[in-house]
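Visitor: Can you walk me through this one? I'd like to hear how the pieces pack.

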Amino acid sequence: MKYHIFSPYRVCPLGAHVDHQHGLVTGFAINKGVDLWFDVNDNSHVHLESKTFEGIVDFEIDAPSQVRERHWGDYARGAKFALRKRFELKHGINGVIQGSLPVGGLSSSAAVLIAYVMAFAKANDITLQPFEVVKIASEAEREYIGLNNGLLDQACIALGKKDELLFLDCDTNEYRLIPFGGQSATVNSQLSIVNSDSELPFEIGIFFSGLTRSLVNSDYNLRVYECKTAAWNMLAYTEQPLKTFDKTFLRDIPKATFDKTRIAMPARFARRAEHFYSEYRRVRQGVTAWETGNLKLFGKLSFDSCESSIHNYECGSPELIAIYEIMRSLPGVYGGRFSGAGFKGACIALVDPAHKADIEKVLTERYLAQFPEYERTFQVFWVRPDDGARFV
């Protein structure tokens, strides 16, 4: 086939569960992801096959998107849905798509959506800047797929640069790509990016629990509503005007207001807000640690983020918590946390490469001793930060 897009998966070492509240986040694109091979049609037909999932997908790109079918083809239809709001689409594609890792915790859905957005844009001679791709793919996931996410996943996948940390403010959409040790940094997409020549002093371990999950069918959306309810509580207790639910975000409320009102609100909502405000602080500290080359502190903050995810945000299956507790005890693990929303899926860890073999062996043995039912599906992968989605 004539065209090939690689759309990477992503990991988020700090900034968990806060993008939908306009918080601060960090992330990497990684060197595993989704490949989409395609040819452009001279008519409006889209025909897709998958090497990962069963069935085929056929639809017309110039027709309105129908209701979701709860099938892997929904992501292609969602990309069409968001693009058609902005552009006239005339040309479809014949494509084959394949993912390189198990689904769960690495934002495979966002990677797939970005690949389709880029492919449909290419087929119709539409030029998109990277942040336009971010917004279109995010809109497709929110409005068509039904997941109330922020921009974290799409930003990491579309904007990522090899060996650099993405730091994104989900309120202003300003971002920086920061080399480890702060050798150079650039702000926003209009400026050229200066890469560091030195290789990062860690690799990323991905410990896939063996348990897959769908965020739309998990408690993900419920947690979003709980965060907004916490914000509503604070506004009400301080007799401030309420906004509509879709325009209510914890980021808009000072932490001093939370400190005054937390005792009055139900404990579950106070815990959600506590996670947001503490994660905001951790991301700030983590960016400074990254810029100064302090990997030990950066890793510790990632562990602390996971602790808050467990106790304040209250996500994490027994399987993920077990992996986290094991890896926290192992030499050579700088830090880590649940990957993605923390419902089933995977854990990630920043690891000293010299300890990789021992970590994989010990963690596998201890995890399967607790959960022998995942002997065939538990997997360990080693990846590195990579550039964002691109034509190969």
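Guide: Here come some notes on sheets, helices, rings and a few single residues.

Guide: This is a predicted model, where local features need pLDDT of at least 70, side-chain atom pairs count only at pLDDT 80 or more, and totals for chains, interfaces and linings use all residues. Residues are numbered from 1 along each chain as its sequence is written, and side-chain values use heavy atoms, with hydrogens and water left out.

Visitor: OK, the sheet with strand 10 in it: in what order do the strands come?

Guide: The order is 10-11-9-12, an open sheet of 4 strands with antiparallel pairing. Strands here are DSSP runs of E with at least two residues, helices are runs of H or I with at least four, and both are numbered from the N terminus. Two strands pair if DSSP finds at least two bridges between them.

Visitor: Which strands sit at the edges?

Guide: Strand 10 (333-339) and strand 12 (379-383), each of which pairs on one side only. On average, neighbouring strands in this sheet are turned by 20° against each other, ignoring direction.

Visitor: How many bridges join strand 10 to strand 11?

Guide: There are 6, with strand 11 covering residues 346-351. For one of the partners, look at Phe338, which bridges to Cys347 in strand 11.

Visitor: What lies across those two strands?

Guide: Helix 8 (residues 295-311) does, running at about 30° to strand 10. Helix 10 also packs on the sheet, touching strand 9 (203-208), strand 10, strand 11 and strand 12, and its direction makes about 160° with that of strand 12. Angles run from 0 to 180 degrees between N-to-C directions, and axes are lines fitted to C-alpha atoms, for helices over the stretch in contact. Contact means heavy atoms within 4.5 Å.

Visitor: And how do helix 9 and helix 10 cross?

Guide: At roughly 145°, with the axes of helix 9 (residues 318-328) and helix 10 (residues 356-370) coming within 10 Å.

Visitor: Which residues meet there?

Guide: From helix 9 you have Glu319, Ala322, Ile323, Ile326 and Met327, and from helix 10 Leu363, Arg366, Tyr367 and Gln370. That contact divides into 6 nonpolar, 1 polar and 2 charged residues. Here Ala, Val, Leu, Ile, Met, Phe, Trp, Tyr, Cys and Pro count as nonpolar, Asp, Glu, Lys and Arg as charged, and the others, Gly among them, as polar.

Visitor: While we're on helix 10, is Thr364 buried or exposed?

Guide: Thr364 counts as partly exposed because its relative accessibility is 23%. Buried means under 20% relative accessible area, exposed over 50%, and partly exposed in between, using a 1.4 Å probe and protein chains only. Leaving aside neighbours within four places in sequence, Thr364 is in contact with Phe378 and Val380.

Visitor: Switching to rings. How many aromatic pairs are there?

Guide: A search of the whole structure finds 23. Rings of Phe, Tyr and Trp (its six-membered ring) pair if their centres lie within 6.5 Å; planes under 30 degrees apart count as stacked, over 60 as edge-to-face and the rest as tilted. Tyr116 and Phe120 are stacked, because their centres are 6.1 Å apart and their planes are at 15°. Both lie in helix 2 (residues 108-123), 4 residues apart, about one turn of the helix, and both are buried.

Visitor: What about Trp290 and Phe298?

Guide: Their pair is tilted, at 5.4 Å centre to centre and 55° between the planes. Trp290 is buried, with a relative accessible area of 0%. Ring pairs also link Phe28, Phe180, Phe202, Trp290 and Phe298 into a cluster.

Visitor: Why is helix 1 called largely enclosed?

Guide: Because 8 of the 11 residues of helix 1 (residues 74-84) are buried. Among them are Asp74, Arg77 and Lys80. The cover includes strand 3, strand 4, helix 2 and helix 3 (130-145).

Visitor: How are strand 3 and strand 4 joined?

Guide: By 5 bridges, with strand 3 (residues 45-50) and strand 4 (residues 56-60) running antiparallel. Their hairpin has 5 residues between the strands, and Gly55 there takes a positive phi near 95°. Strand 3 also pairs with strand 5 (residues 93-99) in the parallel sense, over 4 bridges.

Visitor: Which loop holds Arg70?

Guide: The one between strand 4 and helix 1. Arg70 has a positive phi of about 55° although it is not a glycine, and Arg70 is exposed, with a relative accessible area of 61%.
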